[in-house]
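Trainee: I am new to this structure. Please take one strand, with whatever lies around it, and go through it closely, then follow the chain to the parts it leads to.

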Amino acid sequence: QVQLVESGGGLVQAGGSLRLSCAASGSIFSINTMGWYRQAPGKQRELVATVTSGVTTNDADSVKGRFAISRDIAKNTVYLQMNSLKPEDTAVYYCYARALLYNRSYYSTWGQGTQVTVSS
C-alpha cells in the first residue's frame, strides 16, 4: 500500500559526505513520520533521524551536528544529508515511513535498505 524507494548510498572516505533520498508512493493521504534507521553488522537497528509532521525532528546523539534530515512534503520524500562521515557510520540505512492512507488507516513500512560504507 506504501512503497519506499531509497537511493544515495555508497562508499566514501572518512570526512566525506553522502546524501540519501527516500521517496514514498502508494495510497497515501498524508505522511505522519518519515526517517532513517541504520543497522551495522552484528548490531541492532538503531534510530538515525526522523521528522514528524514535517516539523519535528529526532536525531540520534551520535549524528547530531553531522547529519541533517529534511523532508519535501509535496514529493513525499525525505533526505538525509550526512557530513563528516566516520567509519562507525558504516551500516545499511533503512528508510521508514508511517502514513495515513486514503482509507483512514495508518500504515508503517520500511525501505529495502541502502549500504553506506565509510573507509578510514
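Mentor: Two strands pair if DSSP finds at least two bridges between them. Strands themselves are DSSP runs of E, at least two residues long, numbered from the N terminus. This is a predicted model, in which local features need pLDDT of at least 70 and side-chain atom pairs count only at pLDDT 80 or more, while totals for chains, interfaces and linings use all residues. Residues are numbered from 1 along each chain as its sequence is written, and side-chain values use heavy atoms, with hydrogens and water left out.

The strand I take is β11, residues 114-119. Strand β9 is joined to β11 by three bridges, and the two run antiparallel. One residue of this pairing is Tyr-93, whose bridge partner in β11 is Thr-114. Strand β2 is also joined to β11, here by four bridges, and these two run parallel. Within that pairing, Leu-11 has Thr-117 of β11 as its bridge partner. Strands of a sheet pair through backbone hydrogen bonds, either parallel or antiparallel.

The side chains of β11 alternate along the strand. Thr-114, Val-116 and Val-118 point to one face and are buried (under 20% relative accessible area, with a 1.4 Å probe and protein chains only; exposed is over 50% and partly exposed lies in between). Gln-115, Thr-117 and Ser-119 point to the other face and are not buried. In a regular strand the side chains alternate between the two faces of the sheet.

Two residues of β11 lead to the next place. Ala-14 touches Val-118 and Ser-119, and also Leu-85, Pro-87 and Ser-120 (heavy atoms within 4.5 Å, leaving out residues up to four places away in sequence). Ala-14 sits in the loop between β2 (10-13) and β3 (18-26). Ala-14 counts as partly exposed because its relative accessibility is 41%. Along the chain Ala-14 and Ser-84 are 70 residues apart, yet their C-alpha atoms are separated by 7.0 Å.

Ser-84 belongs to the loop between β8 and β9 (91-101). Its phi is positive, about 50°, although Ser-84 is not a glycine. With 40% relative accessibility, Ser-84 counts as partly exposed.

The loop of Ser-84 follows β8, so to speak of β8 is to speak of its sheet. Four strands make up this open sheet, in the order β1-β3-β8-β7, with antiparallel pairing. Its edges are β1 (2-7) and β7 (67-72), each of which pairs on one side only. Strand β8 (residues 77-82) is joined to β7 by six bridges, and these strands run antiparallel. Two opposite pairs can be named here. Phe-67 stands opposite Met-82 in β8, and Ser-70 has Tyr-79 in β8 as its bridge partner.

The side chains of β7 alternate as well. Phe-67, Ile-69 and Arg-71 point to one face and are buried, while Ala-68, Ser-70 and Asp-72 point to the other and are not. The hairpin of β7 and β8 has four residues between the strands, and in it Asn-76 takes a positive phi near 50°.

Back at β9, the chain goes on to β10. The loop between β9 and β10 holds Arg-104. Arg-104 is not a glycine, but its phi is positive, near 70°. With a relative accessible area of 54%, Arg-104 is exposed.

Tyr-106 lies in strand β10, residues 106-110. Its relative accessibility is 46%, and therefore Tyr-106 counts as partly exposed. Among residues beyond four places in sequence, Tyr-106 touches Asn-32, Arg-98, Ala-99 and Leu-100. Ser-30 and Tyr-106 are 76 residues apart in sequence and 9.7 Å apart in space, C-alpha to C-alpha.

Thr-109 is also in strand β10. Thr-109 counts as buried, at 13% relative accessibility. Its contacts beyond four places in sequence are with Val-2, Leu-4, Cys-95, Tyr-96 and Ala-97.

To return to the starting point: β11 is joined to β9 in an antiparallel pairing and to β2 in a parallel one. Ala-14 touches Val-118 and Ser-119, of which Val-118 points to the buried face of β11 and Ser-119 to the other.
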